[in-house]
Amino acid sequence: MKRALGSSAALYVVLSLGALAFLFPFYYMVVGSLQTDVDTTLAGAFPNPANITVENYVAINERINLVQGLVNSGIFTGGVLLGTVVFGVLAGYALAVLEWRGRGTTFAILLLVQIVPFQMLMIPLYVMIARDFGLSDNYLGMILPFLISSTAVLIFRQYFLQLPKDLFSAARIDGAGEFRLLWSVALPLVRPALLTAVLLTFIGPWNEFLWPFLITKEASMQPLAVSLANFISNVAASTANPFGAMMAGAVVLAVPAVTLFVVFQRYFKSNDLGSGVKG
C-alpha cells in the first residue's frame, strides 16, 4: 500500500514538473508582454508590480491592426477547418466503410502523400493560384492549398474502422442510404475524431506564415502571424519597448489556440464507440 502511494506521489511530482516546464515559456511570454522595462533574465519572470503595464499592447496595435489580423486569421483558419472536416469525413468514410475497387491503392497513395513536403509544391501552387486563377490577395487563394488534409482523412478512416459493422448492416436493412448512415450513425460516434482533427488542423493555418506571406501583398489581407513577422522585421525597433511589443503580439496570437485546447481537451477522453451495440 505504501509502495503504491509512493509510486503515485512520484508520478504526480514528475508530471507536475513536466507541466511547469511546458507552461513556463507561455507564462514568461505573458509576463514579458506586460513589462515596462525589459528584463530578459530569469528574474524577469517575477516582475515588480510597478513595472507592469499594458502599453506594449497599445504600441503594437498602433502599428499593426491586431483586430484585422485576428479576423483574417479566423477566416483563413475557419475555411481550412471547414474543408478539412467535410472532405476528411467523406474520404475517411469511403476508405473505411464502402467497398470499391482501388480502395487499397488509394489508401497507399494517401500514405505516400504524407511524405511530400509542402515546400516542394509551393512554387507550382503559387503559379497556379496567383497567376492562373488570379487569387492573390484573396481568402480563397490562402485556403485552397490546405482545403484537404491527408492527415485528417487518415484520422477519420481509423475511427470509422473501429465502428461495429453490425450498426451499418442494421441501418441498411432499415433502408438508410450511405449519407444517412454517415450523418446519423457514424458521425455521432466519432466525435473525438472530429475534435482531434479540428484541434490538430487549427494549429497549422493559425500559425502559418510562408504561404499567406507569398499569396498576400496587401497588409489588410494578411493573417496575424504574417503581420507580426513583418512587425518584428521592420517596425519593432521603432517602439519604446520592442521586446515587450513582440511578446504582446505573440500572446495575442497564442491565446486563441491555447483557449481552444483547454476548452475541448476533455473530449479527447470520451469514446462512445461501444454505446451503439448491445451486448
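## Residue classes and the model

In the residue classes used here, Ala, Val, Leu, Ile, Met, Phe, Trp, Tyr, Cys and Pro count as nonpolar, Asp, Glu, Lys and Arg count as charged, and the others, Gly among them, count as polar. The structure described with these classes is a predicted model. The sections below take up its pockets, a nonpolar surface patch, its salt bridges and several individual residues.

## The largest pocket

The largest pocket encloses about 690 Å³ of space, and its lining is formed by 28 residues. Those nearest the centre of this pocket are Pro 145, Phe 146, Ile 148, Ser 149 and Ser 150. Five helices each give two or more residues to this lining, namely α3 (66–96), α4 (103–113), α5 (118–132), α7 (150–162) and α10 (191–207). Sorted by class, the lining of the largest pocket holds 19 nonpolar residues, 8 polar residues and 1 charged residue.

## The second largest pocket

The second largest pocket has a volume of about 160 Å³. Its lining is made up of 13 residues, and Ile 64, Asn 65, Ala 219, Gln 222 and Ser 227 are the ones closest to the centre of the pocket. At least two lining residues come from each of α3 and α12 (224–235), and α12, with 4 residues, is the element that gives the most to this lining.

By class, the lining of the second largest pocket has 4 nonpolar residues, 8 polar residues and 1 charged residue. Helix α3 therefore appears in the description of both pockets, being named among the elements that line the largest pocket and also among those that line the second largest, where helices are taken as DSSP runs numbered from the N terminus.

## The nonpolar surface patch

Leu 82, Val 86, Phe 87, Leu 90, Ile 148 and Phe 179 together make a nonpolar patch of about 610 Å² on the surface. Helix α3 gives the most to this patch, with 4 residues. One of the patch members, Leu 82, is located in helix α3; Leu 82 counts as exposed because its relative accessible area of 57% lies over the 50% limit for that class. Another member of the patch, Ile 148, is also listed among the residues nearest the centre of the largest pocket.

## Salt bridges

The model contains 4 salt bridges by the rule applied here, among them the following three. The side chains of Arg 172 and Glu 178 form one of them, with their closest N and O atoms 3.0 Å apart. Both partners are partly exposed, Arg 172 having a relative accessible area of 35% and Glu 178 a relative accessibility of 31%. A further bridge joins the side chains of Asp 132 and Arg 131 at an N to O distance of 3.5 Å, and Arg 131 is exposed, at 64% relative accessible area.

The bridge between Glu 99 and Arg 103 has an N to O distance of 3.8 Å, which falls within the 4 Å cut-off for a salt bridge. What are the relative accessibilities of these two partners? Glu 99 counts as exposed at 66%, whereas Arg 103 is partly exposed, with a relative accessible area of 22%.

## Individual residues and chain separations

Ala 59 belongs to helix α2 (residues 55–63), and it is buried because its relative accessible area of 16% is under the 20% limit. The C-alpha atom of Ala 59 lies 9.3 Å from that of Gly 244, although 185 residues along the chain separate the two. Thr 53, in the loop between α1 (2–33) and α2, is likewise buried, with a relative accessible area of 17%. Its C-alpha atom is 9.9 Å from that of Val 31, a residue 22 positions away in sequence.

Val 31 also serves as the reference for a residue in another loop: Val 116, placed between α4 and α5, is 85 residues from Val 31 along the chain, and their C-alpha atoms are separated by 39 Å. Val 116 counts as partly exposed, at 37% relative accessibility. Finally, Asp 137 sits in the loop between α5 and α6 (139–143), and its phi is near 50°, a positive value in a residue other than glycine. Asp 137 is partly exposed because its relative accessible area of 25% lies between the 20% and 50% limits.

Terms used:
Residues numbered from 1 in each chain as written. Predicted model: local features only at pLDDT ≥ 70, side-chain atom pairs only at ≥ 80, totals over all residues. Heavy atoms only, no water. 1 Å grid on protein atoms, 1.4 Å probe; cavity = no way out; pocket = protein on both sides within 12 Å on 5 of 7 lines; lining within 4 Å. Points joined across faces, edges and corners; volume = space filled by probe spheres on them. Patch = residues over 30% accessible without salt bridge, like charges linked within 9 Å, V, L, I, M, F, W, Y side chains within 5 Å. Areas by Shrake-Rupley, 256 points an atom, 1.4 Å probe, with all protein chains shown as cover. Buried < 20%, exposed > 50% of the residue type's maximum accessible area, 1.4 Å probe, protein only.
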